[in-house]
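Please consider the structure shown below. The account that follows proceeds from its charged pairs to its helices, its surface and its interior space.

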Amino acid sequence: MGARETIRTAVRNVVPPAGLTRALAVQAMVYAVGSGLFHAGSAVFFTRALGLSAAQVGLGLSIAAGVSLLGTVPLGGLTDRYGPQRVWIVGLVLNAALFATYPFVGGFAGFLAVVVALAAVEAASGVAVQVYSINALPPEERVTAMAYQRSSLNVGFGLGAVISGLVLAVDTIEAYRGMVWFISMVFLVTALFVRRLPRLPQVARPTEPMSRLAVLRDRPFMAVSLLSGLLTAHQTLYLTVMPLWILTHTDAPKTIIAGLVLLNTVLIVLLQVRASRGADTASGAARASRRGALLIALFCLVLPISGLTRGALTVVVLVAAATVLILAELIESAGAWGLTATLPPADQRGAYVGAFRLGSQVQYLIAPVGLTALGVTTGGWGWLPAAAIFVLVGLAIVPVVGWAGRTPRLGAAAPERTMTPVP
C-alpha cells in the first residue's frame, strides 16, 4: 500500500491536474518539441545548410542577444496593451513564419535579419506566456502551474533532441530544411493550442499610463531582478562551465557530460513540481531563492574535488555536484516564478515581468566569461570566490524582496482582482 501511494504521488508530481493547468502544460510540451529540436541541431544547420562560419554564427547570435536585452522591457509592455494571449499567438505565428524562411536565407545578412527578428519576437512572447499563466490562475496555483509547464517543457525538449539525432544521422541539406519547416509547423500547432485556451477579461489600465521604461526606476524591484537573475547562472554552470571543467581538470570520460545532461532532464521532470511548494508568496519565493543560492555555492565547493580524485570516485563526485546544482535549479526557478507572480502590479505586469527578465539577460552577458575564468582557468582556487558570490546573493535577496514588498509599485492602479477566464 505504501509503494502504491508513493507511485500515485510521483504521478501527481508529473501529470498536471485536469483543467487550465494541464492545458498550459500540454502546449508547453508541444512548443518544446520544436524548440528542443532546433537547439540540438541549430549549430549544424547554420554551418551545413546555410554555409555560415562558426564566427558568423557566434556574431549573429550575440547581436540577437543584445536585441533581446534591449527589447525585453519595451516589447514586454505590449502584453499590457494588447493582452497576453493575443501577443502570445502573434509571437508563435511570427516564429513559424521566420523559421519557414530559414532555408531561403542567403549569406550572413539574411541570417542576421532572421535571428534578430526571432530575438525580438521572443522578447515579447516570452513575457506574454508568463503573464497569461499568472493572470489566468488564482495566486495559490500559479507557481505550481509554472512548475508543471517546466516539467512538460523538458519532456518536449527530450523528444526534440531525439528527432534532432535522426536529422543529424541523415545529414543532408534536405533533412535540415525539413527540420526547420517541421519546427515551423510545430509553432503553428502551438498557436492553435493557445487560441483555444480560455480568454481573459481585459485588465483595467491605469488612469495615467506609465512609460514602458519607467519600471526601470523602481529600484527595489530592479534590485530583486538583478539578484534573482544572477542566480540563473546555474544554467551557465551546468551547460558550459562544468563540461569545460570535466574536460580540462578531471580524468572522467567525455561521455559523462551527456549523462549529466540526461540526469538534469529526468530530475526536472520528476521533481520540479515538488520543489515549487511554498514559493507562491513573496516571502516564500525569497526563501526559495536563498536556498537556491546556497546550493549553488555548495556546488562550487563540491565540483573542484573531482579534480583531485581518480577513476570511479571522480564520477561519483561529479554526479554529486551535478545533483546539488540541479536541486539549486529546481528551487531557484520556483523562487523566480513566485517573485514574478507576486511583486508586479496587475495592470503593468507585462512591463514588470519584462524588467524582471533583464536580470537573467545580464547574467548571460557576464556569467559565461566570468565563471569560466574563475572556475576553469584558475585551476580550481577560483571556485572559492565564486561560492562566496552566491552566498552573498543568497543572504541579500530576502531583505531586498522585503524592501520591494514594502514599496508601492510604479503605475499600480489598484489591488489585484481575481480574474475568471472566459471559456
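Glutamate 329 has a relative accessibility of 8% and therefore counts as buried, the cut-off for that class being under 20%. This value, like the others discussed here, is computed from a predicted model. The side chain of glutamate 329 meets that of arginine 150 in a salt bridge, with a separation of 2.2 Å from N to O. Arginine 150 is found in helix H6, whereas glutamate 329 belongs to helix H12 (residues 312-342), so the bridge ties together parts of the chain that are 179 residues apart in sequence. Arginine 150 is buried as well, because its relative accessible area is 16%. Both partners of this bridge thus fall under the 20% cut-off, glutamate 329 at 8% and arginine 150 at 16%.

How many salt bridges does the model contain in total? The count comes to 3. Side chains of opposite charge can pair when their charged atoms come close.

Another of these pairs is formed by glutamate 122 and arginine 357, whose side chains meet at 3.5 Å, N to O. This contact links distant parts of the chain, 235 residues apart: glutamate 122 is in helix H5 (residues 107-136) and arginine 357 is in helix H13 (residues 349-377). Glutamate 122 is partly exposed, since its relative accessibility is 32%. Arginine 357, with a relative accessible area of 21%, is also partly exposed, because the value is not under the 20% that defines a buried residue.

A further salt bridge joins arginine 48 to aspartate 171, with the closest N and O atoms 3.3 Å apart. Arginine 48 is part of helix H2, and aspartate 171 sits in the loop between helix H6 (139-170) and helix H7 (173-195), so this pair ties together parts that are 123 residues apart in sequence. Arginine 48 has 38% relative accessibility and counts as partly exposed; aspartate 171, at 34%, is likewise partly exposed. The backbone of aspartate 171 also deserves attention. Its phi angle is near 55°, a positive value in a residue other than glycine, and the residue carrying it lies in the loop between H6 and H7.

Helix H2, which contributes arginine 48 to that bridge, offers several other positions for inspection. Glycine 41 is found in this helix and is buried, with a relative accessible area of 0%. The C-alpha atom of glycine 41 is separated by 21 Å from that of valine 121, a residue 80 positions away along the chain. Valine 33 is found in H2 too, and its relative accessible area of 14% makes it buried. Between the C-alpha atoms of valine 33 and serine 164 the separation is 9.9 Å, although these residues are 131 residues apart along the chain.

Valine 26 lies in the same helix, H2 (residues 20-49). In contrast to glycine 41, which is buried, valine 26 is partly exposed, with a relative accessible area of 30%. Which residues join valine 26 in a nonpolar patch on the surface? The patch is formed by Val26, Val189 and Phe193, which together have about 200 Å² of accessible area.

From the surface, the description turns to enclosed space. Rolling a probe the size of a water molecule over the atoms shows where empty space is left. The structure holds 1 cavity of 30 Å³ or more, and about 30 Å³ of space lies in the largest cavity. Its lining consists of Tyr238, Met242, Pro243, Ile246, Ile257, Leu260 and Val261. Helix H9 (233-249) and helix H10 (255-275) are the elements that give two or more residues to this lining. The largest share, 4 residues, comes from H9. What is the make-up of the lining by class? It has 7 nonpolar residues, with no polar and no charged ones.

Helix H10 also contains glycine 259. At 39% relative accessibility, glycine 259 counts as partly exposed. The C-alpha atoms of glycine 259 and valine 319 are 9.3 Å apart, while the two residues are separated by 60 residues along the chain.

Definitions and conventions
Residues are numbered from 1 along each chain as its sequence is written. This is a predicted model: local features need pLDDT of at least 70, side-chain atom pairs count only at pLDDT 80 or more; totals for chains, interfaces and linings use all residues. Side-chain values use heavy atoms; hydrogens and water are left out. On a 1 Å grid over the protein atoms alone, a cavity is a set of points where a 1.4 Å probe fits but cannot get out, and a pocket is an open set with protein on both sides within 12 Å along at least five of seven lines; lining residues have an atom within 4 Å of a point. Grid points are joined across faces, edges and corners, and a volume is the space filled by probe spheres set on the points. Ala, Val, Leu, Ile, Met, Phe, Trp, Tyr, Cys and Pro count as nonpolar, Asp, Glu, Lys and Arg as charged, and the others, Gly among them, as polar. Patches are made of residues with over 30% relative accessible area and no salt bridge: like charges are joined within 9 Å, nonpolar side chains (Val, Leu, Ile, Met, Phe, Trp, Tyr) within 5 Å. Accessible areas come from the Shrake-Rupley method with a 1.4 Å probe; for residues, only the protein chains shown count as cover. A salt bridge is a side-chain nitrogen of Lys or Arg within 4 Å of a carboxyl oxygen of Asp or Glu. Buried means under 20% relative accessible area, exposed over 50%, partly exposed in between (1.4 Å probe, protein chains only).
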